[in-house]
Amino acid sequence: MRAVLLILIVVAAAASIAWWTMIRMPGRTYSRPPSPLTPEELKLRDELRSDVQALAGEIGERNTAHYPQLQAAANYIDRALTAAGLQVRRDSYDLDGMRCDNIEAEIRGSSPEIVVIGAHYDSVFGSPAADDNGSGAAAVLALARRFAGHEARRTLRFVAFPNEEQPHFLRREMGSLVYAGRCKQRGDRIVAMLSLETIGYYSDAPGSQHYPLPGLGLFYPTRGNFIGFVGNVASRQLVRETIGAFRQHAQIPSEGGALPGSVPGVGWSDHWSFWQNGYPAVMVTDTAPFRYPHYHRRSDTPDKLDYDSMAR
């Protein structure tokens, strides 16, 4: 009995430490019914829908096996950023004879510190990839349009990356890893990177949200109606600052976690590339395979997304 009691005490202590250091977040998640979208939010919703439709509906599958479509997506993002009044730079590299482009637009701030807002624009093989990651790419464009023409204290970089998906995932040819490595070589002072990854699917159905480890369900909701802010333990302060700021304004539930990078899903996007180069980075996500029934399928089409929640 003493051994059992000791084990229970150790487990309870470990859970308490994990909650306090990795899961407890500032502010409170939004829990009231959302207000109707404002005219500005309605405009944003339609804009997000249009960009997702262009990438996933008109261009469709876009990757190195469908190279013309990958280039078409890069050109679409380039034109959209240029139309917003931003100067676009292509950070290009060669992959087996194919030119691949990180698309960057920068708003220079008064401080040398840099915040990167990024998303990958390629698709997994066999999918038009509306949520993963047409949704994130559309959000980068929406943010860039709204910051264009405004002064910033920190320099803002809006970047769209190729080759996040397999077979390049977590390998040297991943666009964000090339980009982050070049930033490190130049000595760029990146103080935060926000990876917008699969942000378009929400459900109020009980049991619609799952987690990579059974114990996480003790701390987080079972309904997939929230947006998640996820980082590794080294990025804990950035996760807390980001979700704390979000909760001051948001009309959508939010959850956060600064978890070990070895937990499945925690490092599954372009923020991982910035961790490899010593930069703090956070993934903003609807949790992808832990919620979205069309993840990495041919059925990941623009009609599956909740654009009202995306706008919120």
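How much space lies in the largest pocket of this structure? Before I answer, let me say that what you have in front of you is a predicted model, and everything I describe this morning should be heard with that in mind. The answer is that the largest pocket holds about 1300 Å³ of space. Its lining is made up of 39 residues, and those that lie nearest its centre are L143, F147, L194, F229 and F246. If you would like to trace the walls by element, two or more lining residues come from each of the helices α2 (39–59), α4 (130–147), α6 (236–247) and α8 (307–311), and likewise from each of the strands β3 (111–120), β4 (154–161), β5 (190–197) and β6 (227–231). Sorted by class, this lining has 27 nonpolar residues, together with 8 charged and 4 polar ones.

The second largest pocket has a volume of about 460 Å³. Here 34 residues form the lining, and G265, V266, M283, T287 and F290 are the ones that lie nearest the centre. The elements giving two or more residues to this lining are β6, β7 (254–258) and β8 (281–285), so you will notice that β6 comes up for this pocket as well as for the largest one. By class, the second lining has 18 nonpolar, 11 polar and 5 charged residues.Since β6 has come up, let me stay with that strand for a moment. All 5 of its 5 residues are buried, and both of its faces are covered, with I227, F229 and G231 on one side and G228 and V230 on the other. Strand β6 runs parallel to β7, and 5 bridges join the two; within this pairing, G231 stands opposite A258 of β7.

Turning from pockets to enclosed space, how many cavities of 30 Å³ or more does the count give? The count comes to 1 cavity, and about 40 Å³ of space lies in it. Its lining consists of I77, L81, I103, A137, V140, L141, F158, V159 and A160, with α3, α4 and β4 each supplying at least two of the lining residues. By class, the lining of this cavity has 9 nonpolar residues, and neither polar nor charged residues appear in it.

Next, the aromatic residues. The structure holds 9 aromatic pairs, and the one I would like to show you is formed by Y179 and F274, a tilted pair with 6.4 Å from centre to centre and 50° between the planes. Y179 belongs to helix α5 (residues 175–186) and F274 to helix α7 (residues 271–276), so the pair ties together parts that are 95 residues apart in sequence. Both Y179 and F274 are buried. Ring pairs also link these two residues with F161 and Y279 into a cluster, and the charged end of K184 sits over the ring of Y279, 5.4 Å from the centre of that ring. A further contact of this kind involves R291, whose charged end sits over the ring of F226 at 4.7 Å from its centre.

Let me move to the hairpin. Strand β1 (residues 88–95) and strand β2 (residues 98–107) pair in the antiparallel sense over 8 bridges, and S92 stands opposite D101 in β2. The two strands form a hairpin with 2 residues between them, and in that turn D96 has a positive phi of about 55°.

I will finish with two residues for which the accessible area can be checked against a cut-off. Is A83, which is placed in helix α3 (residues 67–83), buried or exposed? A83 is exposed, because its relative accessible area is 69%, and the cut-off for that word is over 50%. The C-alpha atoms of A83 and G118 are separated by 18 Å, and the two residues are 35 apart along the chain.

The other residue is R172, which lies in the loop between β4 and α5. R172 is likewise exposed, because its relative accessible area comes to 71%. Measuring from C-alpha to C-alpha in the model, R172 and S273 are 9.4 Å apart in space, although 101 residues separate them in sequence.

Methods
Residues numbered from 1 in each chain as written. Predicted model: local features only at pLDDT ≥ 70, side-chain atom pairs only at ≥ 80, totals over all residues. Heavy atoms only, no water. 1 Å grid on protein atoms, 1.4 Å probe; cavity = no way out; pocket = protein on both sides within 12 Å on 5 of 7 lines; lining within 4 Å. Points joined across faces, edges and corners; volume = space filled by probe spheres on them. Helix = DSSP H or I, 4+ residues; strand = E, 2+ residues; numbered from the N terminus. Nonpolar A, V, L, I, M, F, W, Y, C, P; charged D, E, K, R; others polar. Buried < 20%, exposed > 50% of the residue type's maximum accessible area, 1.4 Å probe, protein only. Phe/Tyr/Trp six-rings, centres within 6.5 Å; stacked < 30°, edge-to-face > 60°. Lys NZ or Arg CZ within 6 Å of the ring centre and 35° of its normal. Pairing = 2+ DSSP bridges.
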